[in-house]
Structures are given as C-alpha cells and as structure tokens.
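Welcome to the tour! Load the model, pick a cartoon view, and keep your selection box handy as we go from stop to stop.

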Amino acid sequence: MTIDADEESPTYSQIIHRLEMPNIGDELHHIGWNACSSCHGDATKQRRYLLVPGVRSSRIHVVDTMTDPRAPRMHKVIEGDEIKEKTNLSAPHTVHCLGSEIIISMLGDAAGEGPGGFLHLNENFEIVGRWENDVSGMNYNYDFWYQPRHNVMVSSEWGAPNTFMPGFDLEDVGAGKYGHSIHFWDFEGKTIAKSVDLGEEGMIPLEVRFHHDPDSTHGFVAATLSSNVFHWHKNGSGWEVEKVIDIPTIDVEGFPVPMPSLITDILISMDDKYLYFSNWLHGDVRQYDISDPSNPKLTGQIWLGGMLGKAPDVHGRPVAGAPQMIQLSLDGKRLYVTTSLFSTWDNQFYPDMKEAGGCMVQIDCDVANGGMTLNDRFFVDFANEPNG
C-alpha cells in the first residue's frame, strides 16, 4: 500500500494505491532496498527497487517504485521453489544491499529447519547462491547489519521456521528451540569470528542496529523475550557486549507467566542520537537518548494498544494489537508505527485483529530535546481493506 504522508495533501494519511501480490499466503514481513549507502560512490545506482520477501512462501517480490512513485508496480518475482532448489534456504527476512549486490537473511533450510543462512542476489535480482562460506556456530538466523570499514557483520537468532510459524509455545523456549546468541562475522571471509551467548537475559535477540556513522563500532540488539537491549562496541581486545536497558515483566491476570514487554522492533535515528523500540505485549513505543551508548536515557514514551489496557483507543478508534513495526523519517521527526507482528502470533495474542485489522499511526518526535507526541491527524485503518 502507498500512504500519503504529505500533511498539506487533501489525502493525507489515506491509502492512495494498492499493489496486489500475485499469490496469497506470502506473509510479507520485512522489506528492503536494492541500493543503499554502500552505493554512495556509484552514481548509476538508484534506490528504485523495493524487495519484499514472503517469509512463508519464500518468494521475493521486486517492486519498481520509480516509474510511478505513487503507484509502485511489480517488476519481478523470485519463486521460493527456485531459492530452495538452488541454495537449500527458505524464509527470507532482512534485505541489505552490498553495492551492486544484495544479501538476504534466510531463516531456515528448504525443509524449514535451522540454522538457515544468507541468500546472494546480483543487481539483476538473479540468484548467485549462498553468501556465507560457513555457518558453524549459528543455531538460528534472523536479522543482520554490517560495517565494512571494520570488516564486521552482526547477526541475530529467532528460531527455525517450523518452530515460530505455527505460533508461540513457551515449552519451545525451554527445549532450546529459540535463539539467545549474536554473531560477529569476518565480513570479507564470510565466516563467524565470534559468537556471544546472551543467556537468559538475551532470549530471542531479533533486530540488530549499528550506528549509521560508518566509522562507528557501536550498535544495539533487542532481546525480545527477555525484554532487554544490549549495546556492543569494539574495544582494544575485541567486541564487548553489555546490557543497557531492562524492561521489567508485569504480572497480568490470565497470562501464564510474568508478561515480558516483548521488544519486537528497534531503530536508530540517522544522527545516531536516539534509539526507538516497540514493546508489543505491553503496548508502548519508547525513545532513548543514546548520546552515551552505554547509558541510554528514556526521553519519550507513547502507549498504543497492548495487553495492559493503557491505550485501547487512539483518536477515539479501537486498536487491536500493539506497536510493532516502526520506521523513522530521514529527518528524524516522524515515526510511523504499525500493529501487526506475524499472523499466527497476532491471532494468538490479539485474536481481535482477525476482524478489527491492524492500523498505522504517526508519532511526532522532538529531535532537539527528546520527547514524542501522537499525531492527531494521522490514522490509517486497515480493517476494511479489500481481500482482508
């Protein structure tokens, strides 16, 4: 969907275009571009194509966003069966460009088991093969980020597709079916140089984010189930990892265990000043000043949906689900938030979403002093979308 984000437009906060996928059941989860800052030295590269992976189907959709930016069109579909046959990989997730090349984290093998790996595409969106040379030490796969000036890539772990796709089962955690490690890669060698087990404090580390400054070694990872944020950086003896944010669990009647906040998405502003993340069960979005990366300071908090009942309505409209995916405008002033996580997990924790649908809101961010305000004019309701 294309959303009008121009506050001066008469269709502000409305859906102005829909691009239907050629198949159903893809489970579109994350998206990424064909070109990024790695292409800064190549004037021929354009941030034109949006790569839209389907976690369930393993298809990768290549969408042309420049022929008509208001109405993106399908450029190419890479079929999941072709990916499985050529690479023994499935369940694509994070997309990053490497100059003219593209790599995508894959969460499983062709049969849906771990540890997965990384798919390598060329600039024509043809399958080159697997990017990595070895996955020894990696139990599962999920997100990744790289800093080539330091010859490093950091990856995280969710679980095998066969584990998380049916829904969340607490017994799977005790059985070791979810990850709790992050991996520091020799980027040029395409092998893991160091793995760090985060233990019980770091269960299910998902989104990883480096500073945008290409010379920086600082980065963060959110441990979803443990509801902690870890900071890493390089010191004289190598890579150091420390817990810097801890969101307490809350006893909630009817919930089988003390409820974690369930941090599901994080990002860093382009000036590397603020860290944002969403707590999908508790129902809040947080802003931290990370000018001192080892000592984040909470500067803003917005409640939206969630299981604590603190914000069941927004602008007088009921919210099913809770803040999950977040995206910040390049100037850092507008944070866009949607409420769906993953269909089976949505249905399990927020069954009302089946009928009520998800929504999208805009949070206005104070980039000078910190702080956030819910924009009272922006609300996109997906409840009545055609075809569900």
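Two strands are said to pair if DSSP finds at least two bridges between them. Helices (H or I, at least four residues) and strands (E, at least two) are DSSP runs, numbered from the N terminus. What you have open is a predicted model, in which local features need pLDDT of at least 70, side-chain atom pairs count only at pLDDT 80 or more, and totals for chains, interfaces and linings use all residues. Residues are numbered from 1 along each chain as its sequence is written, and side-chain values use heavy atoms, with hydrogens and water left out.

**The whole protein**

Start with everything shown. The secondary structure comes to five helices and 28 strands. Along the principal axes, the C-alpha atoms fill a box of roughly 55 × 45 × 40 Å. The radius of gyration (over C-alpha atoms; the globule rule is 2.2 Å times the number of residues to the power 0.38) is 20 Å, which agrees with the value near 21 Å for a compact globule of 388 residues. Of the 388 residues, 55% count as buried, where buried means under 20% relative accessible area, exposed over 50%, and partly exposed in between (1.4 Å probe, protein chains only).

**Strands β8, β9 and β10**

Now select residues 117–121, which are strand β9. Five of its five residues are buried, so β9 is largely enclosed by the rest of the structure. Add β8 (residues 101–108): β8 and β9 pair in the antiparallel sense over five bridges, and S105 has F118 in β9 as its bridge partner. Then add β10 (residues 127–130), which runs antiparallel to β9 and is joined to it by three bridges. Which residue of β10 stands opposite H120? Zoom in and you will find G129. β9 and β10 form a hairpin with five residues between them, and F125 in the turn has a positive phi of about 65°.

**A second hairpin, and an open sheet**

Move to β17 (residues 228–235) and β18 (residues 238–246), which run antiparallel and are joined by eight bridges. Two residues link them in a hairpin, and W232 stands opposite V241 in β18.

Next, display β3-β4-β5-β6, an open sheet of four strands in that order with antiparallel pairing. Its edge strands, β3 (32–33) and β6 (73–78), each pair on one side only. Two bridges join β3 to β4 (residues 49–53), and the partner of W33 in β4 is L50.

**The nonpolar cores**

Switch to side chains. A nonpolar core is a set of buried Ala, Val, Leu, Ile, Met, Phe, Trp, Tyr and Cys residues joined through side-chain atoms within 4.5 Å. The largest one has 27 residues, and W158, F164, W280 and W345 have the most contacts inside it. A separate core of 18 residues includes Y274, L304, V314 and I363.

Centre on F164: leaving aside neighbours within four places in sequence, its contacts (heavy atoms within 4.5 Å) include V55, L107, Y178 and F342.

**Last stop: T339**

Select T339, in the loop between β26 (334–338) and α4 (343–349). Is T339 buried or exposed? At 0% relative accessibility, T339 counts as buried. A polar atom of the T339 side chain lies 3.1 Å from the backbone nitrogen of C359. Beyond neighbours within four places in sequence, T339 is in contact with residues including W280, L304, P323 and M353.

Note on methods. Polar contact = N/O pair within 3.5 Å; in protein donor to acceptor, adjacent residues only side chain to side chain.
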